Structure formats: structure tokens, C-alpha cells
Amino acid sequence: MLYARTTPQQKRQALREGLRSGQLLQLPGAFNPLSAQLIQDKGFPGLYISGAVLSADLGLPDIGLTTLTEVATRARQIARVTDLPAIVDADTGFGEPMNTARSVQEFEDSGVAGLHLEDQINPKRCGHLDGKAVVSLETAVKRIKAAADARRDPDFLIMARTDAAAVEGIDAAIRRAQAFVDAGADAIFPEAMRTLADFEAMRAAVDIPILANMTEFGKSELFTAQQLAGVGVNMVIYPVTLLRSAMGEAERTLDTLRAEGTQNSAVPGMQTRARLYELVDYEGYNRFDSAVFDFDVPDAYSKESRS
């Protein structure tokens, strides 16, 4: 009922323990608090909060238009409803190194378990688009060092993302990753890796966890969890998968409504009322105060449950 009973510190410790376990952590992207509850219900060990998703949720392209306040607020809303650790996309830190330091503390206060910072210039681009550019290695290192120095909870994960592979090649990305480790990064996110061999090369170059981005319609093949684990990847994110799935189904339903004048044929694919009430824990609120929930929820598979 209400928010998670697990504290932010406990979530951060759980993420650290998961990374030490030797198991690949699959982190689906939550596009709102309800989807975070669904990810937890399905048994995943954590979740991801994508900057591209937050931009799209505001009707904006992913080119660095969102603010620290907007992203931290949404991250807080998502993190507080789940016991899972959440990693948030902090773009380029929302400014210069001092802004990056402030961003780290804002995200600590939002309750997430960690963040990643990238080495693109502003305005940034989606990591799987052409035309990206990266800042100098010196500037990128300053961002990571400012982030590592600013954190107050040592379990808060600072991850460094590099987009250099698509701009300067995999060797340049590896050199940056090694410099980020020296600057205090706890994990490395090599963006837009094209092959498993690229991940293997990054794994051999650094001794901290690495993350793979398995986003659809991008530069990377959609490798399986088994393939990624086999080359030493520790975390894999699916940042926009749930949003794309939900919006795809929403578009089909709207087409049905326009064409048929009713949503009736689309109802079998919808989440039932009973399942929604289960996810938001109506029963828990009833136990707290029967006045807020004094009716029967129809069976999940009955016709009435779809109303």
C-alpha cells in the first residue's frame, strides 16, 4: 500500500549485491510508476528510467530538452512505488561539472539506486542516431569525477556512458572507459555496440560492471540475455520496450475505435480491471480503510472484469 517499504539505501545495496552475484541483471524500462509495479510483479531484479522515454512522455524528442527538475521528479515518482533498485538516465549531467554534482545529489534524494552520465556534447542525440559528437576526454572525465565526488551514499552507483564507439571507434571507447574507471566510475555503459566482440573487448579492458543497451530499431542487434552473459555483460536495459509496446497497442485500439465505432474487438487484449486493481493493491487499501474499497472486484477472466 502507498509506497515501497524498502529504503533507497536498501535498494542501492541490492543493486550492488546483484552486480556481485555474477548473474546478468535484466532491467526493463519503466515509463511510469504503474509500469514499475508491473516490472516488480514479473520478478525482474531492477528497472531503468530512460531519458528518451521521459522526453517522449512530455511530447519532446530526445535531444537534451528535459531539465534536471523534470527528470528527478519523474524518477522519484517511479522509484518510490517499487522495492526494486532503479537506474536513471542523467544525460550529460544537465550542465557543467558543478551542475553534474548537483544532479547526483538530486537523484540521490529522489530514491534511485544509481545513474549514468554520457560524454556527448550538448545538445545531445539519441545514442542510436547518426551525427553524434562527443566532448573531449578531459571534459568527460571531469563530469565523472564531479559525480563521484558529489555523492553522499557510497552505494549510489555512478555509471559512465560513452558514445565514442560510433564516433571514433571501439578502441577510443575503450580508452575512455578506462579513464572513467580511474575517475571514479562504478560501471561502464558502452553505447551502440554493434557486435558481441565489441562487448567482449570492453569486458577485457575494464574490471568493473558493464551494461548493454538492447533498444529496438537501433545500431545493436537484439542479443539474448544468454549471449550477453556469455561475453561478460553484467546488466542489460530495455529502455523503450514497454513504452513502444503500450503505444503500439494504443494506436491499434484508436484505429479500431475509429473504424468500428466501438472498442469491443480490442477488449480481449486489454489489461482487465481486476488485474489493474491487483497491481495498485486495492485490497491493501481496503484493509487500511474499508470505506475506500467496499465493492467486489470481478473475476480476472470474467466478462465483467473487462468493463
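**Exercise 1. Work out how β2 and β3 pair, and place them in their sheet.**

Step 1. In this predicted model, strand β3 covers residues 86-89 and pairs with β2 in the parallel sense, over 3 bridges.

Step 2. For a landmark you can find on screen, look at Leu-47, which stands opposite Ala-86 in β3.

Step 3. Now widen the view. The strands run in the order β2-β3-β4-β5-β6, forming an open sheet of 5 strands with parallel pairing. At its edges are β2 (47-49) and β6 (187-190), each of which pairs on one side only. From one strand to the next, the twist averages 25°.

Step 4. Add a helix. Helix α8 (residues 170-183) packs on the sheet and touches β5 (157-162) and β6. The direction of α8 makes about 160° with that of β5.

**Exercise 2. Decide whether Leu-24 is buried or exposed, and find what it touches.**

Step 1. Locate the residue: Leu-24 sits in the loop between α1 (8-20) and β1 (25-28).

Step 2. Apply the cut-off. Buried means under 20% relative accessible area. Leu-24 has 17% relative accessibility, so it counts as buried.

Step 3. List the neighbours. Leaving out residues up to four places away in sequence, Leu-24 touches Ala-225, Leu-228, Ala-229, Val-233, Asn-234, Met-235 and Val-236.

Step 4. Check one distance yourself: the C-alpha atoms of Leu-24 and Pro-45 are 9.7 Å apart, with their positions 21 residues apart in sequence.

**Exercise 3. Test the length of helix α6 and find what covers its buried residues.**

Step 1. Helix α6 (residues 137-150) has 14 residues, which should span 20 Å at 1.5 Å a residue. The end C-alpha atoms are 20 Å apart, so the expectation and the model agree.

Step 2. Pick out the buried residues of α6: Ala-140, Arg-143, Ile-144, Ala-146, Ala-147, Ala-148 and Ala-150.

Step 3. Ask what lies over them. The cover includes α5 (97-110), β4 (114-118), β5 and α8.

Step 4. Turn to a charged pair on the helix. Lys-142 and Glu-138 form a salt bridge, with their closest N and O atoms 3.9 Å apart. Both lie in α6, 4 residues apart, about one turn of the helix. Lys-142 counts as partly exposed because its relative accessibility is 45%, while Glu-138, at 55%, counts as exposed.

**Exercise 4. Compare two further salt bridges, Arg-12 with Asp-153 and Arg-275 with Glu-278.**

Step 1. Start with the total: the structure holds 17 salt bridges.

Step 2. The side chains of Arg-12 and Asp-153 meet at 3.0 Å, N to O. Arg-12 belongs to helix α1 and Asp-153 to the loop between α6 and β5, so this pair ties together parts that are 141 residues apart in sequence. Both Arg-12 and Asp-153 are buried.

Step 3. For Arg-275 and Glu-278, the closest N and O atoms are 2.7 Å apart. Both residues lie in helix α12 (residues 273-279), 3 residues apart, about one turn of the helix. At 19% relative accessibility Arg-275 counts as buried, whereas Glu-278, at 53%, counts as exposed.

Step 4. Finish with a group rather than a pair. Glu-118, Arg-161, Asp-163 and Glu-191 are joined into one network by salt bridges that share partners.

Notes
Residues are numbered from 1 along each chain as its sequence is written. This is a predicted model: local features need pLDDT of at least 70, side-chain atom pairs count only at pLDDT 80 or more; totals for chains, interfaces and linings use all residues. Side-chain values use heavy atoms; hydrogens and water are left out. Two strands pair if DSSP finds at least two bridges between them. Helices (H or I, at least four residues) and strands (E, at least two) are DSSP runs, numbered from the N terminus. Axes are lines fitted to C-alpha atoms, for helices over the stretch in contact, and angles run from 0 to 180 degrees between N-to-C directions. Contact means heavy atoms within 4.5 Å. Buried means under 20% relative accessible area, exposed over 50%, partly exposed in between (1.4 Å probe, protein chains only). The expected span of a helix is 1.5 Å times one less than its number of residues. A salt bridge is a side-chain nitrogen of Lys or Arg within 4 Å of a carboxyl oxygen of Asp or Glu.
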